[in-house]
Structure formats: structure tokens, C-alpha cells
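Dear colleague,

I am handing over a structure that you have not worked with before. Please open it alongside this message and read the notes below with it in view.

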Amino acid sequence: MPTKKKPQVTTAGRPAAGAAQAARRRELLDTAAEVFAEQGYNATTVRKIADHAGMLAGSLYYHFDSKESMLEEILRSFLDELWDGYDTVLDASLGPRETLEALVTESFREIDRHRAAVAIYQKESRQLVAQERFAFLADSQRRFETAWLATLERGVAAGAFRADLDVRLTYRFVRDTVWVAASWYRPGGHHSPEEIARQYLSMVLDGIAVRE
């Protein structure tokens with residue numbers, strides 16, 4: 001007597017399901033980033049994020065165990081991508097002026113890709129670094145300062161930038177004037193991040209480049 005075949009378990013469709021879940025997770029993080037940036041981290045609750053995402057607060061816990069986890073992933077993703085771009089520039093053996101131009105351009109590209117995350121970083125990092133969970137923010141700040149100061153110092157030594165340039169003051173000026181753009185920049189506007197970087201650099205470098 002023939003036996004019945006057992007139904008086969010197939011994995012077809014699992015990759016698609018995994019991709020859909022990852023896309024949904026990314027969508028929720030983008031929503032959370034916008035809420036954190038607009039309302040502030042402390043004032044934002046899981047319920048508020050869920051409301052903006054059009055779901056119940058309990059359903060959000062299916063993807064994340066806390067709002068702290070969401071914030072950490074938002075900031076880590078932004079900084080990981082930022083440093084991928086920065087490291088590519090720093091490893092390219094460019095001259096100091098070209099390095100500065102490329103770092104500024106990469107910064108504006110990151111504002112275009114992660115505007116809300118940049119805004120959160122600007123507003124919240126001073127408080128967050130006191131928490132062990134967010135110690136990576138301080139590490140990134142130190143790397144950031146080292147990279148920019150080294151580029152400016154190299155430019156002064158090479159004669160690309162003025163000999164009387166206060167490199168630390170210049171670093172602070174460039175840092176603050178670039179990243180504050182997250183407060184007004186909106187992706188999809190009239191100017192691309194590359195165009196904004198070009199306009200910004202034309203103003204800054206006229207002030208620090210050696211005059212012929």
C-alpha cells in the first residue's frame with residue numbers, strides 16, 4: 001500500500017520575507033529619526049513613534065526592544081556610513097586642499113542621506129555621551145577632530161593654507177557651519193549636496209587659501 005508523501009517544507013519566499021522585514025525595520029527607524037529630530041529624544045515616547053508609523057506601540061516592540069535601541073541604531077548607521085566615506089577620502093592620498101574639499105562634500109552628502117540623524121547628533125550627543133551605551137559618539141568625535149586638524153595642519157605645512165591660520169578655530173568653524181545645515185536642508189530641494197558643498201567651499205577657501 002503506497003504511503004502518503006509528507007508535505008515538503010520549502011524556503012522559497014523566505015529571502016523575500018526577510019528583505020521585506022528589513023525594509024520595514026529601516027522604514028521604522030527613519031520614522032523614529034524624524035520624530036526624535038523634531039520633538040527631542042527625551043520628549044519622544046515609543047507610543048509617539050508608533051503613532052507616526054501608523055501602528056500600535058506593542059507592535060513596535062516586535063522590531064525593537066526600546067527607544068534607546070532605535071536611537072543607537074540610527075546614530076551608528078549614520079556614523080558608520082559617514083566614516084566609510086571619510087576613510088575613503090583620507091586614504092586617497094589627496095593634497096590637503098583636495099582632502100578638505102572632499103571631506104566637506106562627503107559631509108553634505110551625509111546630511112542629504114541622514115538629515116534627521118545629523119540633527120539628532122547635533123542636539124543630543126552632549127547628553128548621550130555620558131551613557132555607556134553611547135560611548136561610541138565620543139570616539140567618533142575624537143576621530144572627527146583628529147582627521148580635520150591633521151588636514152588643516154598639513155595644508156599649512158604645505159603652503160596650501162595661510163601660515164597664520166588658527167587650525168583649531170578653523171576646524172570648529174568648518175565643523176559647526178557644515179553640520180548646522182541639517183537644521184534647514186531638505187532632501188530633494190533646488191540644490192544638490194554637491195552644489196551646496198561647492199558654494200560653501202568657494203566662500204570658505206577664499207578666506208584660508210594662499211592668495212596668488
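What follows is a description of the confidence of the model, then of one helix, two residues and a pair of helices.

This is a predicted model, in which local features need pLDDT of at least 70 and side-chain atom pairs count only at pLDDT 80 or more, while totals for chains, interfaces and linings use all residues. Residues are numbered from 1 along each chain as its sequence is written, and side-chain values use heavy atoms, with hydrogens and water left out.

The protein chain has a mean pLDDT (the predictor's confidence in each residue, from 0 to 100) of 89, and 91% of its residues reach 70 or more. Please be careful with residues 1-11, where pLDDT stays under 50 and the model has 1 contact (heavy atoms within 4.5 Å) beyond four places in sequence.

Helices here are DSSP runs (H or I, at least four residues), numbered from the N terminus. Helix α9 covers residues 193-208, and its 16 residues should span 22 Å at 1.5 Å a residue (taken as 1.5 Å times one less than the number of residues), which agrees with the 22 Å between its end C-alpha atoms. Among the buried residues of α9 (under 20% relative accessible area, with a 1.4 Å probe and protein chains only) are I196, Y200, V204 and I208. An α-helix has 3.6 residues a turn, so residues three or four places apart point the same way. The buried residues of α9 pack against α5 (96-113) and α8 (167-179).

E110 lies in α5 and is buried, with a relative accessible area of 0%. Beyond its neighbours within four places in sequence, E110 is in contact with F78, E81, L82, R115, V118 and W179. Of these partners, L82 belongs to helix α4 (residues 67-90) and is buried too, at a relative accessible area of 3%. With the same neighbours left aside, L82 is in contact with E110 and W179, and its C-alpha lies 7.4 Å from that of S107, although L82 and S107 are 25 residues apart in sequence.

Finally, the axes of α4 and helix α7 (residues 135-158), which are lines fitted to C-alpha atoms over the stretch in contact, with angles from 0 to 180 degrees between N-to-C directions, come within 11 Å and cross at roughly 20 degrees. That makes α4 roughly parallel to α7, a term that covers angles under 35 degrees. Residues of α4 including L75, L79 and W83 take part in this meeting, as do residues of α7 including F136, F144 and W148.

With best wishes

Key:
Helices (H or I, at least four residues) and strands (E, at least two) are DSSP runs, numbered from the N terminus. Buried means under 20% relative accessible area, exposed over 50%, partly exposed in between (1.4 Å probe, protein chains only). Angles under 35 degrees count as roughly parallel, over 145 as roughly antiparallel, 65 to 115 as roughly perpendicular and the rest as oblique.
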